[in-house]
Amino acid sequence: MPPVDPHLVSRDPVAMAAKRMSTASRATRASKRFSVNALYVSMTASAPDADVNDALASAQRRLRDLKAKISAQSKKNFVLERDVRYLDSRIALLIQNKIALDEQSEVVSRFEDNELSEGYFPDHRKLDAYGNLFFLLQTEPRYIATLCRLLSMAEIDSFLQTVMFTIYGNQYEQREELLLLTMFQLVLAHQFEAASEFSSLLRANTPVSRMVGTYTRRGPGQSYLKSTLSEQINNINEQMDLDLEVNPLKVYDVVYQRALAASKGDTTAVAMPKSVSAEQAAQNLEVQSIIRPRVSALLRVANGFLVNIINSLDSVPYGIRWICKQIRSLTRRKYPQTDDSAVCTLIGAFFFLRFINPAIVTPHSYMLVDRQPSERPRRTLTLVAKMLQGLANKPAYAKEPYMMSLSTFVDANKERMNRFLNDLCDVSDFYETLEFDQYVALSKKDLMLSISINEIYSMHALVERHSNILCPDATSNLSQILHDLVTAPPLLSRAENYTIQLPLFSRFETQIEYLGQQLDITQSDVLFMEAKTTIVQILRSVPAHHVITARPLDLQKIAKFAAFAPNDAMLAKKGMRALELMEELEEVGMMRDEFNDSNPLAEEVEEELSQLGSLQDKVMRELESLEEVYKTIRDHNDYLHGQLETYKSYLQNVRIQSGPKKTPLSDRVGLVSIQGKLRKEPKSQCLGPFKYSQQVLQKEGVIVVCNVPENRVNNLYFYISSPTPGTFIVSLNYKGRSHGLLELNLKLDDLLEMVRNDVEVLDLEYVVMNVPVMLNFLQRRFSRRKFIIS
């Protein structure tokens, strides 16, 4: 047969139609490929590539395991950081109020065990209801977004723990990540809508800003910060003698101290006054000569940071870039007349103020350095952060005029900074992907949350408290779930709390048995995907240069080779299945493209194998990067545990060094040796119980309102005891009754925190107590002041 003239073919209407139909067929198949692949993967997600043992499968399994470990360890670190922060503030309160060290030790003892054991929820009916509640909260981000704006700063940390590290805790799972970003979009939209002025947006310290900041510190954000900033920060940290201070007042003070030292302390011999204004210090010639080279050095350092950040655009995690995109979109919608430069200041307020600069200023908290920076490197890093913030935002020269000397940095780089901030926003949306993921989630039966009992009860209580806003309609799904759950149980003690695996599902949505119909996917499409996957697994199970891997691929030959493989039952099973599938596909015409006489299955197997080659390199790179991240957050966990131990050691050292004070003879029983001296130690820590009438406590001002009828007040009395330092048991009793009306367990640090937060009263139903007066009363009556912090 003579060769066909391609020009004749191109003009032949039949050939042209065939070519168009072939192209259309390929396009249709390609458009379905994502949906079919995702559906098939979801159906077989329990053991992906379980029967393949090549290098790629092994690396993928290690990667999945590593991502799960990073998510779990991130949650542990968040909880530990919260505890350290809480402990720090409580000890500060106790010290400020000059409370005995016994009470401070009591605070420390509450944080000795951070690991929760695994358990199970005994009530299956309630477990199902909680599974419904958390599935609804996860898949309807509007509820979390609404709660976020209703909470106080005091409540936000435990809420963030549940939202960021439990409900959306799988940091590398696409569906959870996209749902979390949807929640951020709702939160930001409300914040923009409620904003009264442009300058206040994204700058105040609110629950929303805390939530956004916490998001940036998850695994992907941490990995980016380490790869982008760590090397430069460590270089500065190693130069402990490098002094780049440019504040004239501070430089002037150093110059004065040098002159004083040169005159051997004779102030009359020093030719400069000790105290001057900032303007006078800036005019001093010696100060100017010191600052001038420091400004040049700072400009070089800051420019190095800027170049690294701008060059890292493609490495910025998708979620952080998508938040930047929402900020730009919401700003233009709220303030359509705002110019591009002003919009960039808001993007910079998030990206630099909430993400980049905190890591530069406190690199040890972000696990970017091995040791905390000393004074001079710390000051250099602070100045660099100020310069970057001034570049991304409006420079704060009014508050710190000395920063004007660095204004050339802003002038020279403002344009490329704005270009970078705009480029950050150039990412695609994910709504169609999320919609598909939600379909798949409804068809799954293995969605689980690893969650503690207290996280469940705490979230239940929050939803219940704000139910009038979250679900005003009594017929809504959330209302029905809350009705089934009744009242939220009280939180368990730390010792009683434990973790469970909570199955997630929706009782309101019909399980999508025919998900393919929703997505225009036929049974043949699914068989096609299974055939492709099976043949690819066979090829991955044989040596790379085996004869059956020769191109072009002969699928029948490959399947038969596997089906009759000796001593490998699993491979034989796959071969038989591949032959069955290809026979079924042949019957429905999916093994041949009639328009160009090609085999679509062979083409897609080839394409899959080609992608797997580059995928292995990508997986290995990601594995190497995440192993470093995991090591870093484990090291940070060790550091945080060390912080707790440091607090305990500090308190013990102060106890030993402070020496004893006189105590009542009744309290001094037993002998303990401290630094070679003897002191008396109480036989028992318990003080009380002491009995007080209602009239006595009202006269003291402890009780401000009594809700008991006057004719019964005389029968009302209180027992108050202190079983351990810093703990008080208040029991309200009525004469003639064997059991108390109520019993209240008060912690000293809780009372101190209430006073600090201006909480004036404590309502106990029968009586209302004045918190500051009660605190003073308890301190006077139950003082164990053996060792006092001055």
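Mentor: Two strands pair if DSSP finds at least two bridges between them. Strands (E, at least two residues) and helices (H or I, at least four) are DSSP runs, numbered from the N terminus. This is a predicted model in which local features need pLDDT of at least 70 and side-chain atom pairs count only at pLDDT 80 or more, while totals for chains, interfaces and linings use all residues. Residues are numbered from 1 along each chain as its sequence is written, and side-chain values use heavy atoms, with hydrogens and water left out.

Trainee: What makes β7 and β8 a pair of strands?

Mentor: Strand β7 (residues 716-722) is joined to β8 by six bridges, and the definition asks for at least two. The two strands therefore count as paired, and they run antiparallel. One of the bridges links Tyr719 to Ser731 in β8.

Trainee: How do you know that β8 pairs with β9 too?

Mentor: The same test applies. Six bridges connect β8 (residues 727-734) and β9, in the antiparallel sense. Among them, Ile729 has Asn745 in β9 as its partner. Ser731 is bridged to Glu743 in β9, and Ser731 is also the partner of Tyr719.

Trainee: Why are β5 and β9 called edge strands?

Mentor: The sheet is open and has four strands, in the order β5-β7-β8-β9, with antiparallel pairing. β5 (687-693) and β9 (742-747) each have a single partner strand, so one side of each is without a neighbour in the sheet. From one strand to the next, the twist averages 20°; axes are lines fitted to C-alpha atoms (for helices, over the stretch in contact), and angles run from 0 to 180 degrees between N-to-C directions.

Trainee: What makes β8 largely enclosed?

Mentor: Buried means under 20% relative accessible area, exposed means over 50%, and partly exposed lies in between (1.4 Å probe, protein chains only). Eight of the eight residues of β8 are buried, and the strand is therefore largely enclosed by the rest of the structure.

Trainee: Which residues of β8 lie on each side?

Mentor: In a regular strand, side chains alternate between the two faces of the sheet. In β8, one side carries Thr727, Ile729, Ser731 and Asn733, and the other carries Phe728, Val730, Leu732 and Tyr734; all are buried, and both faces are covered.

Trainee: Why are β6 and β10 placed at the edges of their sheet?

Mentor: That open sheet has three strands in the order β6-β11-β10, paired antiparallel. β6 (703-706) and β10 (761-763) have a single partner strand each, so one side of each lacks a neighbour in the sheet. Three bridges join β6 to β11 (residues 767-770), and Cys706 has Val767 in β11 as its bridge partner. Helix α30 (residues 771-781) packs on this sheet and touches β10 and β11, its direction making about 70° with that of β11; contact means heavy atoms within 4.5 Å.

Trainee: How do you know that the span of α10 agrees with its number of residues?

Mentor: The expected span is 1.5 Å times one less than the number of residues. For the 20 residues of α10 (residues 219-238) this gives 28 Å, and the end C-alpha atoms are 26 Å apart, which agrees. There is nevertheless a kink of about 50° centred on Leu229, where the bend is the angle between axes fitted to the seven residues ending there and the seven starting there. Of the 20 residues of α10, 14 are buried.

Trainee: Where does α15 bend?

Mentor: Helix α15 (residues 340-361) bends by about 40° at Phe352. With 16 of its 22 residues buried, α15 is largely enclosed by the rest of the structure.

Trainee: Why is Val486 called exposed?

Mentor: Its relative accessibility is 54%, so Val486 counts as exposed. Val486 lies in the loop between α21 (477-485) and β2 (499-503) and has a positive phi of about 60°, although it is not a glycine.

Trainee: What makes Asn567 exposed?

Mentor: Asn567 has 85% relative accessibility and therefore counts as exposed. Asn567 is in the loop between α24 and α25 (569-587), and its phi is positive at about 60°.

Trainee: Which elements have the lowest and the highest mean pLDDT?

Mentor: pLDDT is the predictor's confidence in each residue, from 0 to 100. Strand β3 (residues 671-674) has the lowest mean, 32, and helix α13 (residues 285-311) the highest, 95. The chain averages 77, with 76% of the residues scoring at least 70.
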